[in-house]
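Thanks for making the time this morning. I would like to walk you through one structure, going from its open spaces to its enclosed ones, and then to a few places in the backbone and on the surface.

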Amino acid sequence: MLEFKDYLREKIHKLLEKKYPIDIMELEISYTPQQKMGDLALTFPFQLAKKLKKEPRKLALEIIPLISPLEGVERIEAAGPGYINLFLEREKFFSSQLRSTGKTSLSPEEEKIIIEHTNINPNKAAHIGHLRNACLGDTLGRCLKYKGENVEIQNYIDDTGVQVADVAFGFMELEKKTLSQIKEIKEKFDYYCWDLYARVSSYLESNPQAETRKSEILKKIEQGENPEHETANHISRRIIKAHLKTMGRIGVDYDFLPCESSVLHLKFWEKAFSLLKEKKAISLAKDGVNKGCWVMYLEDEPEKEKIIVRSDGIVTYVGKDIAYQLWKFGLLEEDFYYEPFIKEDGKIVWISTATPQKESPSFGKGSKVYNVIDRRQAYLQKIVVQGLKSLKYLSQAEKSIHFSYEMVALSPKSLKELGFSITEEEEKKDFLEVSGRKGLGVKADDLLDMLEKKALAEVEKRNPELSENLKKETAHKIATGALRYFMLKFALNSLIVFDFEEALSFEGETGPYLQYTVVRINSIFRKLAEREGFEEKDIKPLLSSKEIPLQKLSESEQVDFWDLVLYASKFEEEVLHSIRSLEFSHLAKFSFNLSQKFNAYYHLYSILAEENKEIKSIRILTIHYIREVLKRALSLMGIPQPELM
RNA sequence: GCGCCCGUAGCUCAGCUGGAUAGAGCGUCUGACUACGAAUCAGAAGGUCGUAGGUUCGAAUCCUGCCGGGCGUACCA
């Protein structure tokens, strides 16, 4: 449809530009609310009426003869107060849609796009908040790749930060464990650290004198080559592996893991610091509360100072982030060294290191960068962009996108279900923030386990004859589908108050509903093959037959057929719209609505039992088309497609 | 205080840069499986779109005030 609309827009513009003051950008083509009104609607007579001080309806009537006939359009009507409605030539449109399945009319616009997502502190297990981040980032990546963009996925690892130091402190001071004793821990390590981190946090709260030792650990971790560093390094590497495994369960993966330790040791910050000083992007505060700090000013609030380097000379987190952002755009004149971290299915995930390596893949040097990070960090992200602006990297600042979304919080009810005790004050709140510090949260693997267990029970019920492996694999796909759809269905601005019942649902507006729809279509094709020997390869000849005799369908079937096909044809527009707005809930809703329309159609029109060959062929082509679109939509959302369920 | 965001059906949410009669899911109530798989479908009930103004051919959507809620605003990350 996207292509067809572009064609119409250009054609109509060409036909009218000499007579009317009309810009091609204003020539919007929308859809009618009802099929009987037509398929596409032009609203420009309203805008034009304002300019020419004429009645919109009269203008519409005046314009129609000038733009007809249009290729692919059966007839044109004026409607309502001044709409121009187009009725498409259905057979022609349908067959062109059928021929273009699998191809995309979208095209790339960037040299290279870098997406940074997940970014979990490597000191504890991943939780539901991280899942939202990863699902959004991964879906963006999939959609951009479909659009034809060159995409690189990075997952930044803060392996020298306070949070890792906390857990190192826990092992060394609270548990008095040596590195080899830590290595011997057999339990799920990220879970072990989750609990330990919470213990450390409360210990430090009641024993503030221990902060001295913690600071010492932090410093030593940064320095390297000492027991504290060895311990912290072991913790972070082992936790990263756990995170990658968790994300791998839902089909999320990465190309490169840049580490803060490398940023430090390769002196990225020093380089960025001298650039910032040189261009006067930051200045040394001579007096006031921030005396002795290097500060930056935001363009739109010049009275406010943001500290980049503290008076003790230590660079803040956001300072390091500026350096990293510069590197991502290839503006730093420095690079990481790279080594393989893990290999899976032949794909290598690379990690940064400060020591020179033989192999050197190329990362970074993006022309556009998306940072997937929740809304609470909007201010810091703004400072990072300000850094680029101050250095006069204006186009990069423009293409430095904070992909911002609201957090996932917990309802007091779900906290109770998890066995946490909550205070009366907390009980009254609508929601509570997930807190790693307090150990308050739903762990990603726990949620996935629950989903898989429930899905397995459903599969057992419906398909007891399947092999154990196939049952498990199917349950896993259903669990992934449920989770990923759940994380995408809400708009970015919507704070998700996590509820187990809702998240564990497989009915209604859920991932499994979409999967079930595809399974049903597959099942029809399977039966066509079994009963009639009609194979997938037999679809093509149906396609190439000259005519699709839609008039053979009953009137009501024509209406239902067209409603379904026209809706499906909006797919690429939806993908593009989702990318532009970063609202993948659009794609999710579109897929759900399309499934709903298909399921309604399915109940009304039988394929296998239809005796009229022509009608049967049309129906086969219809469900084939819907399946192609749905499969593509699911794959862009990372929702797996089970054969049976 | 300042900045940003949110208030739409009993509950959870859609509603794109203003467009034709405000939509889904869940829940409630009525129906439909000797099957193209009921993880589904059909139907019913349910809304002064927080509130008061403004902008215009047209406002849930844009602007302003007010009410209610959230987040941010660290020499933390």
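Let me begin with the second largest pocket, where α1 (2–16), β1 (29–31) and α24 (571–581) each supply at least two residues of the lining. Please keep in mind throughout that this is a predicted model, and that what I describe has been computed from it. The helix that gives the most to this lining is α1, with 5 residues, and the space in the pocket comes to about 460 Å³. There are 20 lining residues, and those closest to the centre of the pocket are L2, D6, R9, L576 and R580. If you sort the lining by class, you find 9 charged residues alongside 7 nonpolar and 4 polar ones.

The largest pocket holds about 1,600 Å³ of space. Its lining consists of 50 residues, and of these N121, D158, V162, Q163 and Y317 are the closest to its centre. Several elements each supply at least two residues to that lining, namely α5 (128–147), α6, α9, α11 (260–265), α12, α13 and β13. By class, the lining divides into 18 nonpolar, 17 polar and 15 charged residues.

From the pockets I move to the cavities, of which the structure holds 3 with a volume of 30 Å³ or more. The largest cavity has a volume of about 60 Å³, and it is lined by E116, N119, Y317, D321, Q325, K328, N371, I373, Q381 and V384. Which helix gives the most to this lining? That is α13, with 4 residues, while α13 (317–328), β13 (368–374) and α14 (378–390) each supply at least two. The classes here are 3 nonpolar, 4 polar and 3 charged residues. You may have noticed Y317 twice by now, since it lines the largest cavity and is also among the residues closest to the centre of the largest pocket.

The second largest cavity, with about 40 Å³ of space, is lined by I120, P122, N155, I157, I240, H243 and L244. That lining has 5 nonpolar and 2 polar residues, and no charged ones.

Now to the packing of helices. Two packed helices are described by the angle between their axes and the distance between the axes. In the case of α12 (residues 268–278) and α13, the axes come within 9 Å and cross at roughly 90°, and the two helices are therefore roughly perpendicular to each other. On the α12 side the contact is made by F268, W269, A272, L275 and L276, and on the α13 side by G319, K320, I322, A323, L326 and W327. By class, this contact has 9 nonpolar residues, 1 polar and 1 charged.

Another helix to look at is α6 (residues 162–174), in which V164, A165, D166, V167, A168, F169, G170, F171 and M172 are buried. What covers these buried residues includes α7 (179–183), α8 (189–206), α9 (211–223) and α10 (227–249). After α6 comes K176, which has a positive phi near 50°.

A positive phi also appears at K365, which is not a glycine and has a value of about 55°. K365 sits in the loop between β12 (347–353) and β13, and with a relative accessible area of 52% it counts as exposed, because that is over 50%. K392 is a further residue other than glycine with a positive phi, here near 70°. Its place is in the loop between α14 and α15 (394–398), and at 63% relative accessible area K392 is exposed as well.

Staying with the backbone, there is a cis peptide bond between S68 and P69, with omega at about 5°. P69 lies in the loop between α3 (56–67) and β3 (73–79).

I will finish with K527, which is placed in helix α21 (residues 511–532). Is K527 buried, exposed or partly exposed? Its relative accessibility is 30%, so it counts as partly exposed. Apart from its neighbours within four places in sequence, K527 is in contact with E532 and L608. As for N133, which is 394 residues away from K527 along the chain, the two C-alpha atoms are separated by 40 Å.

Terms used: Residues numbered from 1 in each chain as written. Chains lettered and ligands numbered in written order. Predicted model: local features only at pLDDT ≥ 70, side-chain atom pairs only at ≥ 80, totals over all residues. Heavy atoms only, no water. Buried < 20%, exposed > 50% of the residue type's maximum accessible area, 1.4 Å probe, protein only. Contact = heavy atoms within 4.5 Å. 1 Å grid on protein atoms, 1.4 Å probe; cavity = no way out; pocket = protein on both sides within 12 Å on 5 of 7 lines; lining within 4 Å. Points joined across faces, edges and corners; volume = space filled by probe spheres on them. Nonpolar A, V, L, I, M, F, W, Y, C, P; charged D, E, K, R; others polar. Axes fitted to C-alpha atoms, helices over the stretch in contact; angles between N-to-C directions. Parallel < 35°, antiparallel > 145°, perpendicular 65-115°, else oblique.
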